[in-house]
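Trainee: I would like a close look at one part of this structure. Please take a single residue and go through its surroundings, then place it in the chain as a whole.

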Amino acid sequence: MNSDIVIGLNEKQKSSENGFGIFPNPSGDVIWVSGLSGKEELVLFDCTGSEVFRQKTANDVLDKKTMLGIKNLPKGLYFLNVISENNPHSTLGTKLKLAKL
């Protein structure tokens, strides 16, 4: 899989394969996920592979992005999966890495 990964303050991490991105990264309270169509489910996993958060997308029609509140999560490294609502067994993108401050 080809991915162009950038992890730094206020920089997007974007998978060139599918166009999804998360920013700011690292983050403390909220992250934005971009490149969405509005028909996805976002699932966040911790380093042990345990699911810690799940949310259906609610996109801004023009910006194609949605916000995730991560304020209550402990500091650490997380992985975000984007799952298609039309095909729940299909993961649309690579796991995006998120650093929680």
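Mentor: The side chain of Lys100 comes to 3.4 Å from the backbone oxygen of Leu73. A second backbone oxygen, that of Gly28, is reached by the Lys100 side chain at 3.0 Å. These are distances in a predicted model.

Now the charge. Lys100 is buried, yet it has no salt bridge. Asp29 is the nearest side chain of opposite charge, and it lies 5.6 Å away. A salt bridge would need a side-chain nitrogen of Lys or Arg within 4 Å of a carboxyl oxygen of Asp or Glu, so at 5.6 Å Asp29 does not form one with Lys100.

As for the wider surroundings, neighbours within four places in sequence are set aside here. Lys100 is then in contact with Ser27 and Gly28, and also with Ile70, Lys71, Leu73, Pro74, Lys75, Gly76 and Tyr78. Gly28 and Leu73, whose backbone oxygens the Lys100 side chain reaches, are both among these contacts.

Lys100 itself sits in strand β8, which covers residues 96-100. The chain has eight strands and zero helices, so from the N terminus on its elements read β-β-β-β-β-β-β-β.

For the chain as a whole, 36% of the 101 residues count as buried, and Lys100 is buried too. Among contacts between residues at least 6 apart in sequence, 49% join residues at least 24 apart. The chain exposes about 5,900 Å², with carbon and sulfur atoms supplying 52% of that area.

Methods. Residues numbered from 1 in each chain as written. Predicted model: local features only at pLDDT ≥ 70, side-chain atom pairs only at ≥ 80, totals over all residues. Heavy atoms only, no water. Helix = DSSP H or I, 4+ residues; strand = E, 2+ residues; numbered from the N terminus. Buried < 20%, exposed > 50% of the residue type's maximum accessible area, 1.4 Å probe, protein only. Lys, Arg positive; Asp, Glu negative; His and termini not counted. Polar contact = N/O pair within 3.5 Å; in protein donor to acceptor, adjacent residues only side chain to side chain. Contact = heavy atoms within 4.5 Å. Areas by Shrake-Rupley, 256 points an atom, 1.4 Å probe, with all protein chains shown as cover.
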